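Open the model in a viewer and keep a selection tool at hand. The stops below go from helices and strands to the empty spaces.

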Amino acid sequence: MTFDLVLRNARIADRPGGSFDIGIRDGRFAAIEVGLPRGDAPDQNLHGRLVLPGFVETHLHLDKSCLLGRCNCARGTLDEVVAEVAKAKREFTEEDVYARAARTLEKAITHGTNRMRTHVEVDPRIGLTSFRALKQLKKDYAWAIDLQLCVFPQEGLLDDPGCDEVMLQALRDSADVVGGVPYMDRDSYGQIAKIFAMAREFDVDIDFHLDFDLDPSRADFTEVCRQTEAAGWGGRVAIGHATKLSAMPRADFEAAAQRLANAGVAVTVLPATDLFLTGRDHDHNVPRGVTQAHKLRALGVNANVSTNNVLNPFTPFGDVSLIRMVNLYANVAQIGRDDDLADCLDLVTAASAQLLNAKDYGIAVGLPADLVVLDCETKAQAVCEIAQPIFGFKKGIRTFVRPAASLLKPV
């Protein structure tokens, strides 16, 4: 058997048995064995480093990344930052959105992300400006990353006349996913119903921003679950933030998890934004507001961790590194056992790929040769040490390199 490249002595995540050689041919994994025969193909020795199919970002806002300096936020509350970004958004152009989004996307790629869902704001004021920019970005960077565009109404849908038509235009123009923010409308259930109607009409998945506060007495996830079951959309619906779940006593949390699992509704936890915006009305014992994704997974919910916002008023931090994000999550969730830390890596890989319904994700013969090599040997080390990616491939083509640091010791 001939190969285009052989990666030797690789530790493959979730594959027991030590190190393997990975043969790549025609953009796919052609062989994964111990000690592939030497041939004419070039090879590279990974020296036991960990290989993953790549990180998967499920919830990011490329269109409003890198907005620091354009907004003036004094209190840092959710209402204030939404209003400030809404002002800035009116000045967006396709060129501006594309430039900022490309800067963020390139960072994500060089940090090992090769699949992403980005939310895109559309409404009567911005129209399809950001959507058009990101649609072009999706095309231009397809060599390195699979990009899904989720159109959604950040400033409300039912209470924003004309917004539904703009969303429908985007869906007619091949938007991949439809999203919603029910808490921005007075009738949150009405918005949920409207989003499900759009999803059924265009046969697309749904991704809500939902239950983003610490009052669990009224939660919209129950209505999302009900409509998911009514529409037969199980496995095609996600909710992001869901910080209300973090404020529930254990019994209520477990009951909520069972409801979500039964309906097939996934949960995306967004540690950086949820930490930054939650508990602003507390002057002591400030709550974290980060829902326990790993506990949801243990109860049957497809839960994952993602970035959300980067360098804007919602989250004035970020380098789009998912390994850093899951390390932050593990710290906040007080996870310390090796097995649990190893499982945390799934929150930005396998679980996220499942949310995107990626059927061709993984390291197995016949699948596309998408991979990232981390400078570590185990999944637990990756999370504990924020192990850096040293290079990655998309469909058998090397897309980035980040050589491991080395000391220059005096002779």
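What covers the buried residues of α4? The cover includes α3, β8, β9 (177-180) and α5 (188-202), where contact means heavy atoms within 4.5 Å. Before going on, note that this is a predicted model, in which local features need pLDDT of at least 70, side-chain atom pairs count only at pLDDT 80 or more, and totals for chains, interfaces and linings use all residues. Residues are numbered from 1 along each chain as its sequence is written, and side-chain values use heavy atoms, with hydrogens and water left out.

**Helix α4**

Select residues 163-172, helix α4; its buried residues are Cys163, Val166, Met167, Leu168, Ala170 and Leu171. Buried means under 20% relative accessible area, exposed over 50% and partly exposed in between, with a 1.4 Å probe and protein chains only. Helices (H or I, at least four residues) and strands (E, at least two) are DSSP runs, numbered from the N terminus. Just after α4, serine 174 has a positive phi of about 80°.

**Strand β7 and its partners**

Next select residues 113-121. Of the 9 residues of strand β7, 9 are buried, so the strand is largely enclosed by the rest of the structure. Add strand β6 (residues 55-60), which pairs with β7 in the parallel sense over 4 bridges; two strands pair if DSSP finds at least two bridges between them. Valine 56 has arginine 115 in β7 as its bridge partner.

Then add strand β8 (residues 146-152), which runs parallel to β7 and is joined to it by 7 bridges. Here histidine 119 has cysteine 150 in β8 as its bridge partner. From β7 the chain crosses through helix α3 (residues 129-140) to β8, a right-handed β-α-β crossover. Right-handed means that, with the strands pointing away from the viewer, the path from the first strand over the helix to the second runs clockwise.

**Asparagine 331**

Move to helix α10 (residues 322-332), where asparagine 331 lies. Is asparagine 331 buried or exposed? Its relative accessible area is 53%, so asparagine 331 is exposed. Select cysteine 384 as well: its C-alpha atom is 9.3 Å from that of asparagine 331, with the two positions 53 residues apart along the chain count.

**Pockets and cavities**

On a 1 Å grid over the protein atoms alone, a cavity is a set of points where a 1.4 Å probe fits but cannot get out, and a pocket is an open set with protein on both sides within 12 Å along at least five of seven lines; lining residues have an atom within 4 Å of a point. Grid points are joined across faces, edges and corners, and a volume is the space filled by probe spheres set on the points.

The largest pocket has a volume of about 460 Å³. Select Leu78, Asp79, Phe212, Asp213 and Leu214, which lie nearest its centre among 23 lining residues.

The second largest pocket has a volume of about 360 Å³. Of its 18 lining residues, Ser246, Met248, Phe253, Gln292 and Lys295 lie nearest the centre. Helix α7 (residues 250-263) gives the most to this lining, with 3 residues.

The count of cavities of 30 Å³ or more is 2. Gln154, His209, His241, Asn309 and Phe314 are the closest to the centre of the largest cavity, out of 13 lining residues. Its volume is about 60 Å³.

Last, the second largest cavity holds about 40 Å³ of space. Its lining includes Ile109, Thr113, Leu371 and Phe400.
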